[in-house]
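Here are my notes on the model you sent over. Have it open beside you as you go through the points.

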Amino acid sequence: MLPDQVRPATPPVMLPYQQRWIADPAPVKIWPKSRRIGASWTDAADSVLTSARANEGMDTLYIGYSEDMTREYIDDCAMWANAFQYAAGQMQETLFDDIGANGDVRQIKAFRIDFASGHKILALSSRPRSIRGKQGKVTIDEAAFHDDLDGLLTAALALLIWGGRVHVMSSHNGEDNPFNLLVKDVRAGKYAYSLHQTTFDDALRDGLYERVKLIQGARFKFDSKEAWRDSIYAFYGDRAAEELDCIPKAGSGVYIPRTLVERCQSPDIKPLRLARPAEFVLRPDRLEEMERWCRDNLQPVIDSMAGRRTVVGRDFGRSGDLSITKVLQQDVAPGRWSVALHLEERNMPFDCQQFVFFYLVDRLPLFFHGKLDARGNGQQLAEAAMQRYGVSRIECVMASPTWYATYFPPYKAAFEDRSITTTHGEDEVADHRRVILDKGRPRMDEGRDKGSDGGYRHGDGAIAGVLAWASTMVEGEPAAGATVEAEPEAYAPQRASGMGSLSRRPRDFGIEQHRTGTIFGRRVR
């Protein structure tokens, strides 16, 4: 090195807001935060510093809401243990007894690191209802997205009696969410907890832009902090206030957060779209065109499906909203399902929608059950499908608050434990963010999002998804050929030999009836 050359100073590992979190010795710390600013990574360092010390150290118990989040945290802990050169064993998987509210015990996967100090870090991959009997530091991550935050806090605070500590971190999830109510109580002086808040702009002022640029190196394509900030805010759109600025959304909070959906998406599963202009409803050859479209676009997808058990969920829309049909197929692993087809129809005439749906279901391998949205105009297609395939195969669902409260929790749990692999893209995330928690019960909100096709959508993919997942929960095998008694003989389902799918003659799809004055068995006057 030449005398006049100065080696650039090595930046500190922790940014100022991260340093403040670790340096704070308060027994209870609350951290409302922006997304993706390294909060969990920071707390992982604190957990290692807490559990690796023999004197004044203690166990650490981490509670996330998904297995991926938990594994990422424990990987960060292993990295910090190596960086600090603490003697620690390898990360290992173990089982943890989760005690339910009714006293039932189920074993859930957990991850563990043991230190030479005699202490450990135990990271849980689910949401235990009780942590009683444990002692040490507790971290509740993304607290606003836990189903029973109050119960977790009640159990965690008991650890303070014997010198434990409680860390609660989260982005916001609605104004009425228990996490935001806790933050409000702390600000009002009701609780003497230490409150940290870090917005995205706070993190930028503390050096987040420079840190991301340093880590990404040549992959980083932004020349200025302002350009990078603008790109992040543009990505979040009208959700930026809650996700980045720590301003909870007025009303109820998101029930199925972005992170859950993103971790279950597959880039191989893309939506198939069908749309026509308004005047298409008057085209006399519209059903012939639908047959060609199905043959060219739908049939190759059907042919690529595995010969495994298949279920269907369908949300109906005509001009304002989308009609979305989701086909789930059971994976080789028990209890796991993947989206085999995601079909979106926009501005499609009623008879065309019926034609396409019958074409699809008639050819599905091992079709078992389907649940169809039967509200409003959707009732006509749902009823026709029930008549065609039988009451044991098709359920017409009039979704109500009670129905949502019954079926959305297991649907959310499927995302939490990655039992479902779903459609790729931001539309799928936006649809699921329209499911909100209102007074303790999930429901659809009233908002709409502009989709990637330029049209508006109202959580249609989430409704089709929960209908499909509810179909996977149906027990027993439907009787072969089960039909409504009054169904015309020509439309009685027939089991395809050796398959379990339903077969039809081509004329049964409506084209021949359209030419001769009938459509799907109904006389046209």
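1. First, a definition: helices (H or I, at least four residues) and strands (E, at least two) are DSSP runs, numbered from the N terminus. The expected span of a helix is 1.5 Å times one less than its number of residues. For helix 3 (residues 67–83), with 17 residues, that should give 24 Å, and the end C-alpha atoms are indeed 24 Å apart, so the two agree.

2. Before going on, a caveat: this is a predicted model, where local features need pLDDT of at least 70 and side-chain atom pairs count only at pLDDT 80 or more, while totals for chains, interfaces and linings use all residues. Residues are numbered from 1 along each chain as its sequence is written, and side-chain values use heavy atoms, with hydrogens and water left out.

3. Which residues of helix 3 are buried (under 20% relative accessible area, with exposed over 50% and partly exposed in between; 1.4 Å probe, protein chains only)? They are Met69, Thr70, Tyr73, Ile74, Asp76, Cys77, Trp80 and Ala81. Down the helix 3 axis they fall within an arc of 150 degrees (taken from the directions from the axis to the C-beta atoms), so they line one face. Their cover, counted by contact (heavy atoms within 4.5 Å), includes helix 2 (39–51), strand 4 (105–114) and helix 10 (258–264). Just after helix 3, glutamine 85 takes a positive phi of about 60 degrees.

4. Now the open space. On a 1 Å grid over the protein atoms alone, a pocket is an open set of points with protein on both sides within 12 Å along at least five of seven lines; a cavity is a set where a 1.4 Å probe fits but cannot get out; lining residues have an atom within 4 Å of a point. Grid points are joined across faces, edges and corners, and a volume is the space filled by probe spheres set on the points. The largest pocket has about 820 Å³. Of its 32 lining residues, the closest to the centre are Arg36, Ile37, Gly38, Ala39 and Trp41. Helix 7 gives the largest share of the lining, five residues.

5. The closed space: there are four cavities of 30 Å³ or more, and the largest cavity holds about 50 Å³. Among the residues lining the largest cavity are Arg35, Glu142, Glu243 and Arg433.

6. Lastly, alanine 250 lies in the loop between helix 9 (240–243) and strand 9 (253–254). Alanine 250 is exposed, at 60% relative accessible area. Alanine 250 and glutamate 175 are 75 residues apart in sequence and 5.2 Å apart in space, C-alpha to C-alpha.
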